[in-house]
Amino acid sequence: MKKATVLVVDDKSDIRLSLRFLLTNHNFDVLEASDLTTAREQLSQAQVDLVLLDMNYEFDTTSGQEGLDFIRNLDITNCPPIIAMTAWSSVDLAVAAMQLGARDFFAKPWDNHAVIMMVQKHLALAQIETKKEAIKPTFDNAQETHLLWHSAPMQQLKKQLDRIAATDATVFLRGENGTGKSCIAHYLHNQSQRSGQFVSVNMAAITESLFESELFGHKKGAFTDAKQDRVGRFEAADLGSLFLDEIGVLPQAQQAKLLRVLESSEYERVGDSQTRTANCRVICASNADFEQLIKQGEFRTDLYYRLNTIELTIPPLRDRPEDILPLAEYFMAKHSHKYRLSAPQLSAQAKELLYQHDWPGNVRELSHLMARAVLMNDTGTIEACDIALQSGNNKAIAMPMMTLEDAERKLLKMAMLQSNNHVEDAATLLGISKSAIYRRLEKFNIKTK
C-alpha cells in the first residue's frame, strides 16, 4: 500500500525536523516547506495527501493572518486536508481557520499521539470522500433511471421535487406501500446542494428502548450494552439528508423527542450532557392515514405540521399505467445484469397482462415479478404464462380451521417456500414490510437459509 505523503509547512527548522521524525516513525512520507510560497509549489508539483500548516510567519507571530490568507486563496475543494497549527493557542484562530476550510487544529507544543491520531483520522476521511465522489454519478444515474418519469403524474411530481430540492424544507412523502418513496427520497437528496450523506432509518424497526440511541447516539457506558461511543443517525446525516421511513408508527413518547430536535435542531447523545446541533434535511415517508391518527390522538398535531412543510403524494402504479411497461423493461434489464443473464423480451400478450393488472404491490411488486420472470426464463421471451400475477381470480387455498398464530406461521412458511426464501418477495406476497416479516421469522424461528 502506498505511503501517505504529509507536507509540513513551518518557518522553524526544529519544528519541521520534529514532525519529520514523528511522521516517518509512523510510516508517512514527509515533504517540508519553510514558507508559504514553497508550500504552494509543493502542492502544485507533488502528490500531497495532507498538510500540517503553521499559521504565523514573517508578518507577525500571533495573528495567524498569513496562514488564514493561504487557506483562503486555495481551491479548498481540490486540495488535500489541512490541519492548522500555531504556538499561540487561540480558539478564535482555530475557528477562523476551520471556517475557511481547515479540517482540524492543534497547538504547539503538541502531544505526539494526539497528532498522529488526528492525521490518520483525516487521511481516512479523505479516502472515504474520494470513494464516495467516485461512485456518486453512477448511483445518481441509476436512481434517476429507476424512477422513469413517463406518466403525467410523475412528470408533475418531478417538477415539484426539482423545485424544492435546493431548499432545506422538511418533506413528507405519502403513498401506498411499494410506490417508491425511498427512491424519491434518494432523488431529492441527489438533486439537493447538500454535501453530506443520505441516511435512511426504518422507524418501524427501531424498538422504543433504543430510539434515542439510534437517532441521537450514545456515550460509552451510558447503559449496559454501550461498550463504545455510537454516532446517531442525525449526526451521521450531518450536512446531508435523514430519511425517516414509516414515521406513522412512532410512539407518543418518541414523538415528543423528535419534535424537540426538529424545532430547536438540538439534541444530546444518551449519557452525554453536551448539546449537539443537527444540520440535516429531514425527509419522512408513510402510508398511514394521519388525519385519522391525529383524530384518535395517536399522532401529535404539532409534529405532523412540523414534518409536512412540503407534503407530496406518490401516485400508485395503477394510476399511472404509462409507467408500467417502461418500468418492467427497466427491471428486466436491471435484474438480468445483476444475475449475469441475457435480458429477455416481453411478448405482446405479456405486455397486455402487465398493463391490465391493478398492481396492489405497486412498483415493488413489479420489480419482484420481473426478477422471478428473468430468473425462470430460458427462451429469451417472457410469455403471459410465465408471469405469476397474484390475481383476485385465483382460487383460494383451502386451509383447515386453526388458531391465528398457527395460520400466520403456515402462511409465512408458504410465502418463504413460494419465494425461494427471498425475504423481500415473501413480504410482497403477504402484503407486509420487510421489517415486519423479519420480526415474524424471528418470532416463529423460521430460518431463511
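Mentor: Let's start with a term: a salt bridge here is a side-chain nitrogen of Lys or Arg within 4 Å of a carboxyl oxygen of Asp or Glu. Keep in mind that this is a predicted model.

Trainee: Okay, so how many salt bridges does that rule give?

Mentor: Take one pair as a test: the side chains of R20 and E32 come to 2.6 Å, N to O, and the cut-off is 4 Å. R20 sits in helix 1 and E32 in strand 2, twelve residues apart. Going by that rule, the salt bridges come to 26.

Trainee: D168 and R194 also meet in a salt bridge. Is R194 buried or exposed?

Mentor: That pair is at 2.8 Å, N to O, and it links loops 26 residues apart. D168 has 53% relative accessibility, so it counts as exposed. For R194 the relative accessible area is 10%, and buried means under 20%, so R194 is buried.

Trainee: Why is strand 13 largely enclosed by the rest of the structure?

Mentor: In a regular strand, side chains alternate between the two faces of the sheet. In strand 13, R281, I283 and A285 are on one side, with V282, C284 and S286 on the other, and both faces are covered. Strand 13 is largely enclosed because the number of its residues that are buried is six of the six.

Trainee: Which residue in strand 13 is the bridge partner of F243?

Mentor: Strand 10 pairs with strand 13 in the parallel sense, over five bridges. Strand 6 pairs with strand 13 in the parallel sense too, over four bridges, and there V171 has I283 as its bridge partner. For F243, the partner in strand 13 is I283.

Note on methods
Residues numbered from 1 in each chain as written. Predicted model: local features only at pLDDT ≥ 70, side-chain atom pairs only at ≥ 80, totals over all residues. Heavy atoms only, no water. Buried < 20%, exposed > 50% of the residue type's maximum accessible area, 1.4 Å probe, protein only. Helix = DSSP H or I, 4+ residues; strand = E, 2+ residues; numbered from the N terminus. Pairing = 2+ DSSP bridges.
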